[in-house]
Amino acid sequence: MKLLLNVLLLAIACAASPGFAQGFPDKSVRLIVPFPPGGGTDGFARILGAKLTEIWGQQVIIDNRGGAQGNIGTALGARAAPDGYTLTLAHQGALTINPHLYSKPGYDTLRDFAGVSRGTDMAFILVVHPSLPVKTMKDLALLAKQNPGKLTFASTSSGPQMAGELFRLTTGTDMLHIPYKGGGPATIDLLAGHVAIMFANPTATVPHVKSGKLRALGVMGPKRNEALPDVPTAIEAGYPDLGNVIEWYGVVVPAATPREIIARLNASVVQAINSPDVFKRITSLGQTPVTSTPEEFDGWIRSEFERWGKVVKASGAKAD
């Protein structure tokens with residue numbers, strides 16, 4: 001019995017030692033993406049995963065687990081073994097909005113996760129189907145007021161949903177919310193005209209705006225999107241309260257993951273995102289690469305959690 005105890009103590013000591021972290025990873029790593037393929041989360045994850053595979057010499061497997069606006073995949077990540085071999089794509093909506101919308105999201109953001117690094121920022125873009133007779137955000141607000149409850153807006157997660165709620169609150173309008181499991185399915189229906197409006201991250205919609213299949217009315221951030229330089233910001237359009245609606249991604253792991261492993265993961269993720277080829281590919285998606293230390297990301301998640309909690313409360317929105 002004493003021998004067994006000594007063996008267990010030795011194993012724990014090895015796991016916590018710097019040497020253990022330096023040898024990490026020595027097998028494949030899973031990256032859970034809490035949304036279906038085809039959207040901004042999936043695009044970012046596949047670019048990052050390919051580069052990490054190159055850096056580590058170990059396969060990074062992308063595991064798409066969509067559903068419940070990111071709750072299903074995020075909850076799966078929270079329950080994973082805290083050994084660094086299961087990463088979760090940190091999504092602004094899933095981590096900082098869903099806990100205020102859902103009574104039981106399946107995880108506790110501030111208790112269950114440890115930040116590895118931020119990944120990208122992107123301002124939502126307000127896009128509409130070309131059949132909608134509007135050219136500006138003010139046009140849309142006027143049309144919505146003239147047709148209360150009739151205009152439909154799609155959301156791919158709680159972030160776009162809250163962007164729509166903020167638009168509704170700011171303009172004093174009433175629009176019908178249609179939720180989707182991810183950016184791919186929502187974009188398909190928007191292109192087909194089954195829904196009229198979407199507050200979207202750039203990845204899923206910029207190519208369709210450039211081709212004329214969708215019309216962009218405004219960028220909900222402090223500056224214009226480089227991919228759509230002719231589209232004004234919400235601030236320029238006269239809606240300053242809609243000028244800081246930013247979606248962001250990053251990487252988190254279960255809270256009990258050893259700090260040495262988190263430090264190793266952080267170094268690799270930062271190296272990957274800041275490498276010239278990855279930086280260029282992420283930027284081409286309409287996303288802005290942003291990295292951080294684990295501590296900075298933890299602080300960012302906490303501040304965003306508090307911010308969006310106030311917005312959800314003001315909107316009165318609930319998902320269950």
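Two strands are said to pair if DSSP finds at least two bridges between them. In the predicted model described here, strands S5 and S9 meet this condition, since they pair in the antiparallel sense over 4 bridges. Within this pairing, Leu126 has Gly218 of S9 as its bridge partner. Strand S9 is mostly covered, with 4 of its 5 residues buried.

A further set of strands forms an open sheet, in which 6 strands follow the order S2-S1-S3-S10-S4-S11 and the pairing is mixed. The edges of this sheet are formed by strand S2 (60-64) and by S11, each of which pairs on one side only. Inside the sheet, strand S3 (residues 86-91) and S10 run in the antiparallel sense and are joined over 4 bridges, and Ala90 stands opposite Gly250 in S10. In a regular strand the side chains alternate between the two faces of the sheet.

Strand S4 contains Ala123, a residue that counts as buried because its relative accessibility is 14%, which falls under the 20% limit used for that class. When residues up to four places away in sequence are not counted, Ala123 touches Ala200, Pro202, Val219, Met220, Gly221, Val245 and Ile246. Ala123 and Ala144, which are 21 residues apart in sequence, are 23 Å apart in space when taken from C-alpha to C-alpha.

Pro202, one of the residues that Ala123 touches, belongs to helix H11 (residues 202-210), in which Pro202, Thr203, Ala204, Thr205, Val206 and Val209 are buried. The cover over these buried residues includes helix H3 (40-56), strand S4 (113-123), strand S5 (125-128), helix H10 (183-192), strand S8 (197-200) and strand S9 (215-219). The N-terminal end of H11 is capped by Asn201, a side-chain oxygen of which lies 3.0 Å from the backbone nitrogen of Thr203. Just after the helix, Gly212 takes a positive phi of about 90°.

Asp112 lies in another helix, H7 (residues 109-112). With a relative accessible area of 15%, Asp112 is buried, and its side chain reaches the backbone nitrogen of Asp108 at 2.7 Å. Leaving aside neighbours within four places in sequence, the contacts of Asp112 are with Ala78, Tyr107, Val253, Pro254 and Ala255.

Open and enclosed spaces were then examined. The largest pocket has a volume of about 470 Å³, and of the 25 residues that line this pocket, Asp121, Met122, Ala123, Lys223 and Thr288 are the closest to its centre. At least two residues of the lining are supplied by each of S4, strand S10 (246-254), helix H13 (276-284), strand S11 (288-289) and helix H14 (294-315), and the largest share, 4 residues, comes from S4. By class, the lining of the largest pocket has 11 nonpolar, 7 polar and 7 charged residues. Ala123 therefore combines a place in this lining with a relative accessibility of 14%, at which it counts as buried.

In addition to the pocket, the count comes to 2 cavities of 30 Å³ or more. The largest cavity holds about 70 Å³ of space, and its lining is made up of Phe35, Gly39, Gly40, Thr41, His91, Thr156, Ser157, Gly182, Gly183, Asn201, Glu247 and Tyr249. The elements that give two or more residues to this lining are H3 and S10. By class, the residues around the largest cavity divide into 2 nonpolar, 9 polar and 1 charged.

The second largest cavity has about 40 Å³ of space and is lined by Gly39, Gly40, Thr156, Gly183, Met198, Ala200, Asn201 and Ala204. The lining of this cavity divides into 3 nonpolar, 5 polar and no charged residues. Asn201, which caps the N-terminal end of H11, appears in the lining of the largest cavity and also in that of the second largest cavity. Ala204, one of the buried residues of H11, is likewise among the residues that line the second largest cavity.

Note on methods
Residues are numbered from 1 along each chain as its sequence is written. This is a predicted model: local features need pLDDT of at least 70, side-chain atom pairs count only at pLDDT 80 or more; totals for chains, interfaces and linings use all residues. Side-chain values use heavy atoms; hydrogens and water are left out. Buried means under 20% relative accessible area, exposed over 50%, partly exposed in between (1.4 Å probe, protein chains only). Contact means heavy atoms within 4.5 Å. A polar contact is a pair of N or O atoms within 3.5 Å; within protein, one must be able to donate a hydrogen and the other to accept it, and residues adjacent in sequence count only if both atoms are side-chain atoms. On a 1 Å grid over the protein atoms alone, a cavity is a set of points where a 1.4 Å probe fits but cannot get out, and a pocket is an open set with protein on both sides within 12 Å along at least five of seven lines; lining residues have an atom within 4 Å of a point. Grid points are joined across faces, edges and corners, and a volume is the space filled by probe spheres set on the points. Ala, Val, Leu, Ile, Met, Phe, Trp, Tyr, Cys and Pro count as nonpolar, Asp, Glu, Lys and Arg as charged, and the others, Gly among them, as polar.
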